[in-house]
Structures are given as structure tokens and as C-alpha cells.
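Thanks for making the time this morning. I would like to walk you through the inside of one protein chain, so please have the sequence and the structure open while I talk.

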Amino acid sequence: MTMYYLIVDTAARAMRWVGAGHDAAIVYRPDEDRFEELEGSDIPLGIDATWSFTEHAGSPWTPGMVVLVGTDGIWESRDPGGRLYGKAALREVLRRHAGAPAETIIRAVLDDLERHRAGGPQEDDVTMVVLRVRPG
């Protein structure tokens, strides 16, 4: 089982995380129009009982920053021709909706996935958490 554990420190305006085999969180910084990934370096849970997981820390929050932690069912969704949705499409949705509330960003991602699938089945779970730092 994979896991992504993110600690949001509101006082320090910082994040710490552990990625146990899970895909990295995607961060969009609209003030710089830049994406980054908060990657982990560890193995999935339950593989090695002696494994010591590593905590990572990232650069400080910036106003308007968006963080998405999601499952691979998002970027591995396929259209009827078998083409993957991909992380580039996901990043573009984040860019277009970065000024919106987190709930709206999630809805925009789900709507774009539905358009991409064009009536095809959802083959994997689509799970995400979106955090958005308020501007100013």
C-alpha cells in the first residue's frame, strides 16, 4: 500500500511530507507560473518492517499556491483510443483554475477527466486532496 503523508505547518507557512511509494504531490506557484513535485523517496508500506521512512521539507508557501495530492487514477485515465490523460493535462487544469477555491479546482479536474474519457469507463480510483493558500 502506498501512502502520502503531508503535514501543513500554518504557523511556519511550510510543509513536511513522507512519500511511501506514492506519487509526488504537485505544487503550482502562480506567482512564478511554476510547477514542482514534492517527491518522497521511500518504499510502499508493509514491504520491509525495518525500513525507516524519510521526512522531507519544502520551500515556504507563497500566496495563491495550489497543492494537489492524488492517485495515479487521475493521470492514468484513458480516452476511448487508449491515450492517457497525463500530468501535463492535470497541470494545465491547475494553472487555469489556480485562483478558484479548492472545491472548484477539484470539480474542474473531475470534469476534465470526464471529458477526456468521453463516456469511457473509469478504470481506477480517482482520489485527490487540493490545498490552496489564500492570496495575501
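I will begin with the core and then turn to one strand that runs through it. Please keep in mind that this is a predicted model.

The largest nonpolar core has 19 residues, and those with the most contacts inside it are Val 66, Leu 68, Ile 74, Leu 90 and Val 109. At least two residues of this core come from each of strands E3 (25–29), E6 (66–70) and E7 (128–132), and likewise from each of helices H1 (86–97) and H2 (102–117). The element that gives the most is H2, with 5 residues. There is also a second, separate core of 11 residues, which includes Ala 25, Trp 61, Met 65 and Val 133.

Now to strand E6, where 5 of the 5 residues are buried. In a regular strand, side chains alternate between the two faces of the sheet. Here Val 66, Leu 68 and Gly 70 point one way from E6, whereas Val 67 and Val 69 point the other way, and all of them are buried.

Which strands does E6 pair with? It pairs with E3 in the antiparallel sense over 3 bridges, and with E7, again in the antiparallel sense, over 5 bridges. Leu 68 is a good residue on which to follow this, since Ile 26 stands opposite Leu 68, while in E7 the bridge partner of Leu 68 is Val 130. If we leave aside neighbours within four places in sequence, the contacts of Leu 68 include Ile 26 and Val 130, and also Ile 74, Leu 90 and Leu 94.

Technical notes:
Residues numbered from 1 in each chain as written. Predicted model: local features only at pLDDT ≥ 70, side-chain atom pairs only at ≥ 80, totals over all residues. Heavy atoms only, no water. Core = buried A, V, L, I, M, F, W, Y, C linked by side-chain atoms within 4.5 Å. Buried < 20%, exposed > 50% of the residue type's maximum accessible area, 1.4 Å probe, protein only. Helix = DSSP H or I, 4+ residues; strand = E, 2+ residues; numbered from the N terminus. Contact = heavy atoms within 4.5 Å. Pairing = 2+ DSSP bridges.
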